[in-house]
Amino acid sequence: MKTTILARKLVPVAVIDDVEHALPLAEALLAADLNVIEITLRTEAAMACIETIKKSMPEMTVGAGTILDQKIIPRLVDYGISFGITPGLNPRVIESAEKKGLLIIPGVITPSEIEQARHYGLDTLKFFPAEAAGGTGMLKALAGPYAHTGIAFIPTGGINLSNLESYISSPCVAAVGGSWFVAAHLLKDKKYTEISQLTKQALTLIQNI
Ligand code: 3PG
């Protein structure tokens, strides 16, 4: 599963307010040849969006983001999600995900958090909030003591087309996460073609690095 999520090195972080956007958004990503989506649990519609995409589009690898509470995990697993992402490292969420056999990608920023994640046997970690926490300079510094362990980061937070290349080229980066190509305003205006174009643009840039 990890291989599928990281295959194109791009994880769309979607905040969807209205379930009517769910399928067109997933179709727009697929049209750009990206079969992964992280739906953040920040809106009333989020769970319905996950359920809708899972039911109608089996070719899409669906994950849930912003998991702040372990209580939601059994329901997410029932919906058939493939992965969970958290902004921080929450032992209760990690343990509950592990019990349910759900791949969990916790957010980390410090050496202590990385080592805590390693304690749980986790080696693929969200580096969040990437830009605010020191960006590629911080990634390079963290690679010093941890690169040899096989750690893989998914920097997320403040990434866009202008700094995508430097993140992808940084040590230990397996993929980047971002909302710029699936932004809320694009969904609100139903600009699904633009979403496809922005996604293709990002994927092409990544391929050419
Ligand atoms: C998030 O979880 O909100 C991500 O960090 C998205 O960040 P971005 O909107 O800056 O891409």
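The following conversation asks how some labels in this predicted model are earned.

Reader: How do you know which features can be trusted with a label here?
Author: This is a predicted model, where local features need pLDDT of at least 70 and side-chain atom pairs count only at pLDDT 80 or more, while totals for chains, interfaces and linings use all residues. Residues are numbered from 1 along each chain as its sequence is written, and side-chain values use heavy atoms, with hydrogens and water left out.

Reader: Thanks! What makes a residue one of those around the ligand?
Author: A residue is near a molecule if one of its heavy atoms lies within 4 Å of it. The residues around the ligand are V13, R42, K126, F128, T156, G157, G158, G178 and S179.

Reader: How does that shell divide into nonpolar, polar and charged residues?
Author: It has two nonpolar, five polar and two charged residues. In this scheme Ala, Val, Leu, Ile, Met, Phe, Trp, Tyr, Cys and Pro count as nonpolar, Asp, Glu, Lys and Arg as charged, and the others, Gly among them, as polar.

Reader: What makes the approach of R42 to the ligand a polar contact?
Author: A polar contact is a pair of N or O atoms within 3.5 Å; within protein, one must be able to donate a hydrogen and the other to accept it, and residues adjacent in sequence count only if both atoms are side-chain atoms. An N or O atom in the side chain of R42 is 2.7 Å from an oxygen atom of the ligand, so the pair meets the cut-off of 3.5 Å. S179 brings a polar side-chain atom to 2.5 Å from a ligand oxygen, and G157 has a backbone N or O atom 3.5 Å from an oxygen atom of the ligand. The protein covers 78% of the 310 Å² of accessible area that the ligand has on its own (Shrake-Rupley method, 1.4 Å probe; for residues, only the protein chains shown count as cover).

Reader: K126 and F128 are both in that shell. Why is the charge of K126 said to sit over the ring of F128?
Author: The rule asks for NZ of Lys or CZ of Arg within 6 Å of the ring centre and within 35 degrees of the ring normal. The charged end of K126 is 4.6 Å from the centre of the F128 ring and sits over it. F128 is also joined to P129 by a cis peptide bond, with omega about -5 degrees. P129 lies in the loop between β7 (124-127) and α7 (135-146). Helices (H or I, at least four residues) and strands (E, at least two) are DSSP runs, numbered from the N terminus.

Reader: Why is the pair of W180 and F181 called edge-to-face?
Author: Rings of Phe, Tyr and Trp (its six-membered ring) pair if their centres lie within 6.5 Å; planes under 30 degrees apart count as stacked, over 60 as edge-to-face and the rest as tilted. The whole structure holds two aromatic pairs. In the pair of W180 and F181 the ring centres are 4.7 Å apart and the planes stand at 75 degrees, so this one is edge-to-face.

Reader: Are W180 and F181 buried or exposed, and how do you know?
Author: Buried means under 20% relative accessible area, exposed over 50%, partly exposed in between (1.4 Å probe, protein chains only). W180 has 16%, so W180 is buried; F181 has 0%, so F181 is buried too. W180 is found in the loop between β9 (176-178) and α9.

Reader: What makes D33 and K190 fall under separate labels?
Author: D33 has a relative accessible area of 53%, so D33 is exposed, whereas K190 has 45% and is therefore partly exposed. D33 lies in the loop between α2 (22-31) and β2 (36-40), and K190 in the loop between α9 (184-188) and α10 (192-207). Each has a positive phi in a residue other than glycine: near 75 degrees for D33 and near 55 degrees for K190.

Reader: And why does T193 count as exposed?
Author: The relative accessibility of T193 is 58%, so T193 counts as exposed. T193 lies in helix α10, and its C-alpha atom is 6.7 Å from that of A28, 165 residues apart along the chain.
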